[in-house]
Amino acid sequence: MVTELRVPGDKSISHRALLLAALAGGESRIRGILTGEDPQATASILRELGVRVPPLVADGELRVTGVGVRGMRTPRRTLDCANSGTTARLMLGVLAGQKLEATLTGDDSLRRRPMRRVTDPLSRMGARFDPVAAPGRLPLRVTGGPLRALDYRLPVASAQLKSALLLAGVTGGVPVRLVEPGFSRDHTERMLAAAGCALTSSPEGRGNRVQLTASPSALDPVDVVVPGDFSSAAFPLALALLGGAGEGIVLRGVGLNPTRTGLLPVLERMNARIEVDMRSAPERGEPAGDLIIHPSDLTGTEVRPGEIPGLIDEVPVLAVLAARVRGTTRITGAEELRVKESDRLGALAANLSPLGVEVEELPDGLVIEGTDRPLSGPVEAYGDHRIAMAFGVLGALPGNDITVDAPAAVDVSYPGFWEMLERVSTPAARPSARGAGPEVAAHARPVRGRGPVIVIDGPAGSGKSTTAREVARRLGFRHLDSGALYRALTYALLESGRPPDSWPALTESDLNAHPVRMTAAGSAFRIMLGARTLTTELRSPEVDAHVSAVARLPAVRGWLLDRQRQAGREGSLVGDGRDLGTVVFPEAEVKIFLVAGVEERARRRLLQTGRAPDSESEVTAEAARLRERDRIDATRGIAPLKKGADGTHPPFEEQVDAILREVRARVGGRDSEVPNSGP
Ligand code: S3P
């Protein structure tokens, strides 16, 4: 069977559409934008700078009213680019021409990446950049203002650098003449021309001359249809070529800008059977079309330095592909990969080798020997989305068994990547999402490429939640806070205006009508109601007053089950709560049961209600109530509570350490009991 697939919107085009819409003099329209974490960072920075950017939506249209090229306001906060190099560099260019001061920062990975390549030429134009910590690195304090024209030869072929300088030309209202040593992606040039700038581009030597000769004081609004991201498409494409997706895949609506598709001629040399169908291409805007991928008998090849800019983001997937073909693949001229979201050459070599692939790391590339031996073991993604996805593909191939340590990293550019992989890699065995046996559907087949699910159970007051949160933090996993879901539903019900005394009659489909979702966001889950993220609302006195009634509603069980299982699909999760190990995730790789002395639990429970116990007799009374509850729990038919031994109370840290040891020893193992004492 051939599977059809659409990949999320192009990341580079999404950033640029937002930025140009912000600099325009009217309302721009953007369809198909990527809702991943990188464009989210650009959108929230623009909001800080006074641009009204609605929540990003992939389906439907986003309308943004621009503030003109120099209309941004001084931000009240530090601008956080998160993991996004494109946000940081393009924003440095945009800010250079604004009469304001702002500080830009990013996550650990971004704070290690070089910024001087951008700030040096921008300083020549007249902007000022003061490093807050290390020279040439974020955080940087930017002082923008009037700029001078620039005539500049780029030291590297980099679209981020080129775009930053062109955008500074636009916000400064000055000409910019650039020569770059290769052909990096040209989305900025295309979009600026469409927005009314006078811009030319022509080959020069082995590279490219780009000149911005004039730009308007407010750009024309843009009307962008963002195509599927070729760089994201490369992952299912590689899977299908290697025979890991049945009889093949059709990828619909993929961006096919020639500065992005340098992987295709390389794959052609490797014997790949790929058809490109541009019949459905849009009449204007970026080129796009369908890719039809057939399983192919691939051989190794040589990738030359001049080819790198056209496939810069595809080297990780190409490297894992090379590990599975006949013969040797040699990639050189790719030193730029050392300063991406991770040192990608280092990360690829360090992971491929222990899996059983022969690989040589060169200063500027990799030499990879293909093998058909089964590959198994853990992979460290270094928080890099493309490393995580490349090894996800390798792990999804029949015979391989690979676990990626940080699956959440994919949210940067490909939300839903693991679900896609599961769907595409096993079309025949695909479990139905609902219907017969939904209880086992989510775990009908282990998801390759994901980390383990760890569940922490225990009696009320045993410190489940605090412990789970800390274990998740230490492992870099996500913490599933089921309580927040109950609270979000309570908030939605209150907001709907339906009187609380009518709630007990609600059915599961009534509850599903409230758009409460939990979406993976880095190391946590974001709780959303429609397009809104719920945070402090979840702790309001009204929610406090009604949440336990909501938790008791019969329909809530099924509603919650669905959402919890969705949260568990990507793995690398620590959840706490009743029934999590028995009903929600019966196949969780590790199940921990916390036990604590009943008096200690009683004390904690009283503290949880917000008041310090007045007397020992209050503690004793609460302890008696807990004993009674344990007795009932232990004798109930479904998921009876296993009673642990009261007794030892190691300090909290030791307890977390003990759990981490258990996790390491038992990934794929059975239940365990860890004595508990709370913080
Ligand atoms: C990007 C350019 C590329 C690429 C990155 C996105 C862009 O970096 O690696 O993921 O949107 O401009 P270069 O600056 O090396 O071209």
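User: Why is aspartate 313 counted as buried?

Analyst: In this predicted model, aspartate 313 has a relative accessibility of 9%, and buried means under 20% relative accessible area, with exposed being over 50% and partly exposed in between (1.4 Å probe, protein chains only), so aspartate 313 counts as buried. Residues are numbered from 1 along each chain as its sequence is written, and side-chain values use heavy atoms, with hydrogens and water left out. Local features need pLDDT of at least 70 and side-chain atom pairs count only at pLDDT 80 or more, while totals for chains, interfaces and linings use all residues.

User: What makes the pair of arginine 344 and aspartate 313 a salt bridge?

Analyst: A salt bridge is a side-chain nitrogen of Lys or Arg within 4 Å of a carboxyl oxygen of Asp or Glu, and the side chains of arginine 344 and aspartate 313 meet at 3.8 Å, N to O, so the pair fits the rule. The two residues come from distant parts of the chain, 31 residues apart, with arginine 344 in helix α11 (residues 344-355) and aspartate 313 in the loop between β16 (302-303) and α10 (315-322). Helices (H or I, at least four residues) and strands (E, at least two) are DSSP runs, numbered from the N terminus. Arginine 344 has a relative accessible area of 0%, so arginine 344 is buried.

User: How do you know that arginine 252 and aspartate 290 tie together separate parts of the chain?

Analyst: The closest N and O atoms of this salt bridge are 2.7 Å apart, and because arginine 252 lies in strand β13 (residues 249-255) and aspartate 290 in strand β15 (residues 288-294), the pair joins parts that are 38 residues apart in sequence. Arginine 252 has a relative accessible area of 26% and is therefore partly exposed, whereas aspartate 290, with 7%, is buried. By the same rule the count comes to 38 salt bridges.

User: Which helix holds both glutamate 622 and arginine 625, and why is arginine 625 called exposed?

Analyst: Both residues lie in helix α22 (residues 616-635), three residues apart, which is about one turn of the helix, and their side chains meet in a salt bridge of 2.8 Å, N to O. Arginine 625 has 52% relative accessibility and so counts as exposed, while glutamate 622, with a relative accessible area of 9%, is buried. Elsewhere, salt bridges that share partners join Arg113, Arg185, Asp313, Glu341, Arg344, Asp384 and Arg386 into one network.

User: Why is α15 called oblique to α23?

Analyst: The axes of helix α15 (residues 464-475) and helix α23 (residues 652-666) come within 10 Å and cross at roughly 60°, where axes are lines fitted to C-alpha atoms, for helices over the stretch in contact, and angles run from 0 to 180 degrees between N-to-C directions. Angles under 35 degrees count as roughly parallel, over 145 as roughly antiparallel, 65 to 115 as roughly perpendicular and the rest as oblique, which means that α15 is oblique to α23.

User: What makes alanine 82 partly exposed, and where is alanine 82 placed?

Analyst: Alanine 82 has 29% relative accessibility, and therefore counts as partly exposed. Alanine 82 is in the loop between β4 (79-80) and α3 (85-96), and has a positive phi of about 55° although it is not a glycine.
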